Amino acid sequence: MSRRILLTVCAALVLAGAILRAQAPQAAAVTAIRAGRLLDPEGGRILTNQIILVEGNRFREIGANVAIPAGATVIDLSQMTVMPGLVDAHNHLALTYKPEPESNIYYYTYVQESTALRAIQAASNGMQMLNSGFTIVRDMGNNANYADTALRQAIEQGWIPGPTIINSGIIIGGMGGQFFPTPEMAKDHNIVYPEYLDADTPDEMVKAVRQNILFGAKVIKICVDCKPYGYTADEIRLFIKEAAKAGMKVEGHVQTVNGAKNAIEAGIWSIAHSTGLNDEMHKGMAQKGIWRAGTDTPTGLAGHPVSPQAYQRTIDSLKNAYANKVPLTFSTDADYYVVGKTRGEVCLEFLKTWKDAGIPNADIVRAITINGYKVSELEQTRGPIKAGYFADLIAVPGNPLDDVDALKNVQFVLKDGVVFKKDGTMTPAAFFHGGPVNGWRIR
Ligand SMILES: [Zn+2]
């Protein structure tokens, strides 16, 4: 008996030792980055010859006179402009409609491509975005049956590299959503069901929000006016109240002035698209601090023509929003294939619209960085290059404050303290793992 107790005690001690060893804090690796120029978007200025210390996945110290610890890995970006990562506030990573074979009609994409295939496309699109310097992407629906959540989890758990994803799950709308499905599709076979959650009554609205929260959404997206029976201000308030229980904000797809009026009256967090936004609506948004995710599509994207009149309307709207001091995000609504371009390259083509609207470079840079962190509600932890923040940064040879197209030439990307791109080439090996190294509990 006593021997058995002794053995048990010994076994317990061995086990405890193993657990202690496993939990012993290991000094995180330190990386020192020599930044020739460091762009501060908030101040719209460049600091020269800065040292950025990264410890593990966080920034430790930044300054001109920071001592580089012995044994630190040194990365030389002394010929570069180092800056915080970029944000696209409206993308659809698990949707890629194409000139061929579907003539850009995305109904056919939904019918033709499975959630599984689209999830793999999303993984690829995410890496393409990161390669272009986008370290945060708001993934705003039309992502099949929660492929956006799967992508976010795969990145957060540590299976694959990718931007930090703020995803909306399935877009909630009155019956039919943004679609006009046939009765056979919607009622009998549900072929297009996962693209929109029908919510027509208060009970259904609450339940739809809860379903998205349950299945991993980080922001709630609603179709405000996709149908003549769109949502009233009171109905939008109900969405906002229910989402707030989980600490989430609501973005509205808005395409009419009346829809914009209702969304602004309800105090929605952000408005996608600009077709419903006139001078009066912009003034209301500025007054209430409502984010504008205008999805300002440029001309010249091969296979995706925009008429000169439509482009002029987009420019005029963006100009008017800027003049009214509406909080602006860089947002693309990218969800299609432009032959010869990656998803990230497609998004950066949208800089053209901002330039043509006469927005100063410093404010374009703010929209694509700081405002992106804020609309994503990450600005306290991720985005700015500050001690204690997650270590995301990019580097370009030129100076985006002089020529904003310098952003199209991202040569270096650091994500969560790990080098993803160096000397213009993706080097993602350190991101790939055969298991959820950051924890399987991440939901
Ligand atoms: Zn969209």
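What spacing do the donors of the zinc ion follow along the chain? In this predicted model, the pattern is H-x1-H-x240-D. The protein donors are His90 and His92, each through NE2, together with Asp333 through OD, and they lie 2.0 to 2.1 Å from the zinc ion. Both histidines fall under the 20% limit for burial: His90 is buried, with a relative accessible area of 0%, and His92 is buried at 2%.

The nonpolar interior was examined next. The largest nonpolar core comprises 87 residues, of which Phe134, Ile172, Ile222, Ile268 and Ile271 touch the most other members. Helix α3, spanning residues 115-131, gives the most to this core, with five residues. Apart from it lies another core, made up of 17 residues that include Ile33, Ala35, Leu77 and Phe412. In soluble globular proteins, nonpolar side chains tend to be buried together.

The surroundings of Ile271 illustrate the contacts made by one of these core residues. When residues up to four places away in sequence are not counted, Ile271 touches Gly252, Val254, Ala263, Ile264, Leu277, Met285, Ile290, Trp291, Arg292 and Ala293. Met285, one of these partners, is found in helix α9, which covers residues 279-288. Met285 counts as buried because its relative accessibility is 0%, against a limit of 20%. With the exclusion of residues up to four places away in sequence, the contacts of Met285 comprise Ile264, Ile271, Leu277, Ile290, Trp291, Arg292, Val326 and Pro327. By contrast, Arg343 is not listed there: the C-alpha atoms of Met285 and Arg343 are separated by 30 Å, and the two residues are 58 apart along the chain.

Helix packing was then considered. Two packed helices are described by the angle between their axes and the distance between the axes. Helix α7 (residues 233-245) packs against helix α8 (residues 257-266) at an angle of about 50 degrees, and their axes are 8 Å apart. The two helices α7 and α8 are therefore oblique to each other, since angles from 35 up to 65 degrees fall outside both the roughly parallel and the roughly perpendicular classes. Their crossing is right-handed. At this contact, Ala233, Ile236, Arg237 and Ile240 of α7 meet Asn262, Ala263, Glu265 and Ala266 of α8. Ala263 also appears among the residues touched by Ile271.

Helix α7 packs with helix α6 (residues 202-214) as well, here at an angle of about 35 degrees and with the axes 9 Å apart. This crossing, too, is right-handed. From α6, the contact involves Pro202, Met205, Val206, Val209 and Arg210, while α7 contributes Glu235, Leu238, Phe239, Glu242, Ala243 and Lys245.

Several backbone features were also identified. The peptide bond from Glu100 to Pro101 is cis, with omega near 0 degrees. Pro101 is located in the loop between β5 (86-91) and α2 (106-112). Asn49, although not a glycine, has a positive phi of about 45 degrees. Asn49 is placed in strand β2, residues 45-55, and counts as exposed at 54% relative accessibility. A positive phi, of about 55 degrees, is likewise found at Glu377, which is not a glycine. Glu377 is placed in the loop between α14 (370-375) and β14 (393-396). With a relative accessibility of 38%, Glu377 counts as partly exposed.

Terms used: Residues are numbered from 1 along each chain as its sequence is written. This is a predicted model: local features need pLDDT of at least 70, side-chain atom pairs count only at pLDDT 80 or more; totals for chains, interfaces and linings use all residues. Side-chain values use heavy atoms; hydrogens and water are left out. Donors are N, O and S atoms within 2.8 Å of the metal (3.2 Å for Na, K and Ca); water is not among the atoms, so sites may look incomplete. Buried means under 20% relative accessible area, exposed over 50%, partly exposed in between (1.4 Å probe, protein chains only). A nonpolar core is a set of buried Ala, Val, Leu, Ile, Met, Phe, Trp, Tyr and Cys residues joined through side-chain atoms within 4.5 Å. Helices (H or I, at least four residues) and strands (E, at least two) are DSSP runs, numbered from the N terminus. Contact means heavy atoms within 4.5 Å. Axes are lines fitted to C-alpha atoms, for helices over the stretch in contact, and angles run from 0 to 180 degrees between N-to-C directions. Angles under 35 degrees count as roughly parallel, over 145 as roughly antiparallel, 65 to 115 as roughly perpendicular and the rest as oblique. A crossing is left-handed if the near helix is turned anticlockwise from the far one by less than a right angle, and right-handed if clockwise.
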